[in-house]
Amino acid sequence: MSDISKSSRSGNTVWRSFIYIVLILSALFTLIPFAWMLSSSLKLDKDVFRFPIEWIPKHPRWSNYKEIWRTIPLGRFIFNTAKLTVIVTFLQMLTSSFAAYAFSKLNFRFKNALFLCYISTIAMPWQVYMVPQFIMMRSFHLNNTHLAIICLQAFSAFGVFLMRQFYQSIPDELCEAARIDGMSEYRIWGKIMLPLSKPALSTLLIFSFVGTWNDFLGPMIYLTKTELKTIQIGLRMFITQYSSDYGLIMAASVVVLIPVLIVFLSLQKFFVEGIASTGLKG
Amino acid sequence: MTAAELSVGSLKGRRIKDNLVAYSFILPNFLGFAVFTLGPILFAVYLAFTQWNGSGPITFVGLKNFRDLASDSLFLIALKNTLVYCAAVVPLTVISSLFLAVMLNQKIFARNFFRTVNFFPYVASLVAVAVVWNMLFNPAKGPVNQLLSLLGVPDDRLPRWAADRNWALFTVILFSVWKNTGYYMIIYLAGLQGISQQLYEAATLDGAGRRQQFTYITLPQLRPTTFFVVVMLTIQSFKVYDQIYMITQAGPGTATLVLVYHIYNTAFVDWNLGYASAVAMVLFLLVLAVTLVQFRGEKKYANE
């Protein structure tokens with residue numbers, strides 16, 4: 001008996017070491033590009049490609065970080081992106097959870113037909129209808145406005161689906177009890193459902209924030225004026241214009257990563273929980 | 001009016017009111033959804049059967065666009081590249097994300113740190129990481145080739161990555177797997193947490209080893225998750241554009257031309273909107289076909 005437990009314990013040690021080796025390797029593989037980005041952002045252009053890599057530059061050029069704000073309207077780009085991201089994320093969370101409440105907890109005519117409408121477009125790539133959508137926006141004179149990006153992103157079928165899946169897991173009795181107490185549907189949504197749906201809302205928030213902040217093709221089609229550009233197409237423009245200013249490119253890239261990093265780190269606790277509870281895992 | 005009639009009347013009134021309340025919940029989202037998604041989708045289907053340059057009159061041409069596709073060599077190349085990309089990215093991402101998730105589902109030291117690290121590429125700005133990728137894989141002076149050279153690969157045998165017809169698509173594939181693995185890892189983790197611990201305990205009592213537990217419990221229990229991951233990955237792969245634009249610009253030549261790139265160029269460079277919509281319909285039918293096939297497979301398995 002003791003023999004068996006001993007051999008399984010040593011098997012465990014081998015297994016554990018194996019896990020750690022794999023995890024450390026994968027973490028390195030994942031992090032090296034970021035480390036390299038950070039280290040290059042503090043170098044002179046001519047030192048960026050020097051080999052062996054000098055991970056911590058002896059004479060860090062902090063001035064790269066000052067210079068990028070002067071060479072491109074980075075502040076403008078960040079402001080545009082932040083504005084769009086906040087509006088889109090807010091609208092998406094609000095309208096999705098609102099519609100999802102009806103789909104999950106209310107009975108009405110054409111409920112199934114309407115929901116089918118939503119579901120059937122989830123698998124439809126945006127790229128399939130981006131061309132007619134652009135033509136339509138242009139006829140509304142919305143090209144080269146931020147409103148175009150907002151309209152494009154704020155009403156996703158995916159958000160409605162995600163919130164509805166989550167509301168399905170909340171017992172109907174809760175709403176029934178509130179109705180008997182004389183609460184209106186709007187108050188049930190606001191006072192009972194919303195506070196309960198934190199994991200789902202934060203999942204939607206992360207998806208929507210990351211999606212809008214990192215969107216590339218949408219702004220590329222709609223925003224051609226420099227002062228309207230978002231950080232992604234602005235950064236891309238900068239990279240094409242100053243293709244050999246490696247240090248500056250890397251510094252700008254680091255700046256672009258920071259907001260997403262902050263949002264992600266502050267919400268990541270909810271994220272696994274959110275995906276698990278919204279049934280997004282299939 | 002009798003009491004019964006009265007109550008029928010008020011019941012009807014209540015039903016109408018209930019419907020109105022429900023519609024008021026849906027309306028804000030549905031308005032936007034109908035105008036900016038549903039409308040354009042129907043318009044796209046119609047455009048696929050027409051010829052239009054975006055400003056002149058729209059000419060209905062029937063199936064001509066679809067007949068032309070068969071002899072459009074660029075379309076055929078784009079279709080082939082998209083399928084190759086998909087066939088590589090889907091299994092590679094499934095394997096790496098499942099593998100990482102299983103490792104990270106154990107009780108280990110610094111588990112949250114590893115989870116966060118692996119997830120980070122997914123949220124990181126694509127433009128920023130793509131430019132780093134390009135510099136790391138720069139054929140002449142990038143650290144990757146410098147390392148390979150240090151390891152003894154002769155200079156003329158060093159891969160030229162994004163600049164080489166034969167390596168370009170592979171470079172993009174590698175990038176996509178690196179970028180998206182973390183997201184699917186999280187989904188797999190959620191799936192793993194849904195597996196009952198009792199199954200493993202029973203298996204341990206029966207003397208099943210780690211590998212047997214993985215094959216006979218973990219994998220079958222994760223089937224719905226894997227189904228979801230494969231569908232999502234396939235759809236994502238079919239609509240790939242951003243990575244290609246930033247790493248290879250569809251080049252060298254047409255080595256990494258994909259369907260969405262072809263749609264973009266046909267629509268916004270050539271202003272051939274009808275034809276672009278026809279290509280888009282092919283993209284949609286592909287996605288639909290793959291999703292349906294996988295749904296059927298899943299159903300069949302679930303009934304067994």
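## A tour of chains A and B

Begin by selecting Ala110(B), which counts as partly exposed because 13 C-beta neighbours lie inside 10 Å; by the rule used here, a residue is buried if 20 or more other C-beta atoms lie within 10 Å of its own, exposed if 12 or fewer, and partly exposed in between, with C-beta atoms placed from the backbone. Everything on this tour belongs to a predicted model, in which local features need pLDDT of at least 70 and side-chain atom pairs count only at pLDDT 80 or more, while totals for chains, interfaces and linings use all residues. To find your way, note that residues are numbered from 1 along each chain as its sequence is written, and that chains are lettered from A and ligands numbered from 1 in the order in which they are written.

**Backbone stops**

Staying with Ala110(B), look at its position in the loop between α3 (73-104) and α4 (111-123) of chain B, helices here being DSSP runs of H or I with at least four residues and strands runs of E with at least two, numbered from the N terminus. Phi of Ala110(B) is near 60°, a positive value in a residue that is not glycine. Most residues other than glycine have a negative phi, and most peptide bonds are trans.

Next select Asn144(A), which also has a positive phi near 60° without being glycine, and which sits in the loop between α5 (126-139) and α6 (146-154) of chain A. Asn144(A) is partly exposed because 13 other C-beta atoms fall within 10 Å.

Return to chain B and show Gly251(B) with Pro252(B): the peptide bond joining them is cis, with omega about -5°. Pro252(B) belongs to the loop between α11 (242-247) and α12 (259-269) of chain B.

**Inside chain B**

Select Gly182(B), which lies in helix α7 (residues 165-193) of chain B and counts as buried because it has 23 C-beta neighbours inside 10 Å. Beyond its neighbours within four places in sequence, Gly182(B) is in contact with Asn118(B), Phe119(B), Phe120(B), Pro121(B) and Tyr122(B), a contact being two residues whose C-beta atoms, placed from the backbone, lie within 7 Å. Add Thr93(B) to the view, since Gly182(B) and Thr93(B) are 89 residues apart in sequence and yet 9.2 Å apart in space, C-alpha to C-alpha.

Now colour Val258(B), Val279(B) and Leu283(B), the residues that touch the most other members of the largest nonpolar core, which has 157 residues; such a core is a set of buried Ala, Val, Leu, Ile, Met, Phe, Trp, Tyr and Cys residues joined through C-beta atoms within 7 Å. The element that gives the most to this core is α7(B), with 13 residues. Leaving aside neighbours within four places in sequence, Leu283(B) is in contact with Phe238(B) and Leu259(B), and also with Pro125(A), Gln127(A) and Val128(A).

**Where the chains meet**

Show both chains together: 77 residues of chain B are in contact with 68 residues of chain A. On the chain B side, helix α1 (residues 3-47) gives the most, with 21 residues. That side of chain B divides into 55 nonpolar, 17 polar and five charged residues, where Ala, Val, Leu, Ile, Met, Phe, Trp, Tyr, Cys and Pro count as nonpolar, Asp, Glu, Lys and Arg as charged, and the others, Gly among them, as polar.

**Each chain as a whole**

Hide chain A and turn chain B, which has 13 helices and two strands and whose C-alpha trace spans about 100 × 70 × 35 Å along its principal axes. An assignment, automatic or from a database, divides chain B into domain 1 (3-47) and domain 2 (64-303), and their C-alpha centres lie 39 Å apart.

Then swap to chain A, which has 13 helices and zero strands and spans about 80 × 70 × 35 Å along the principal axes of its C-alpha trace. Its domain assignment gives domain 1 (2-61) and domain 2 (65-277), with nine residues of domain 1 in contact with eight residues of domain 2.

**Last stop: confidence**

Colour chain A by pLDDT, the predictor's confidence in each residue from 0 to 100; its mean is 85, and 92% of the residues reach 70 or more. Among the elements of chain A, helix α3 (residues 74-105) has the highest mean pLDDT (92) and helix α13 (residues 246-277) the lowest (78). Finish at residues 1-5 of chain A, where pLDDT stays under 50 and the model has zero contacts beyond four places in sequence.
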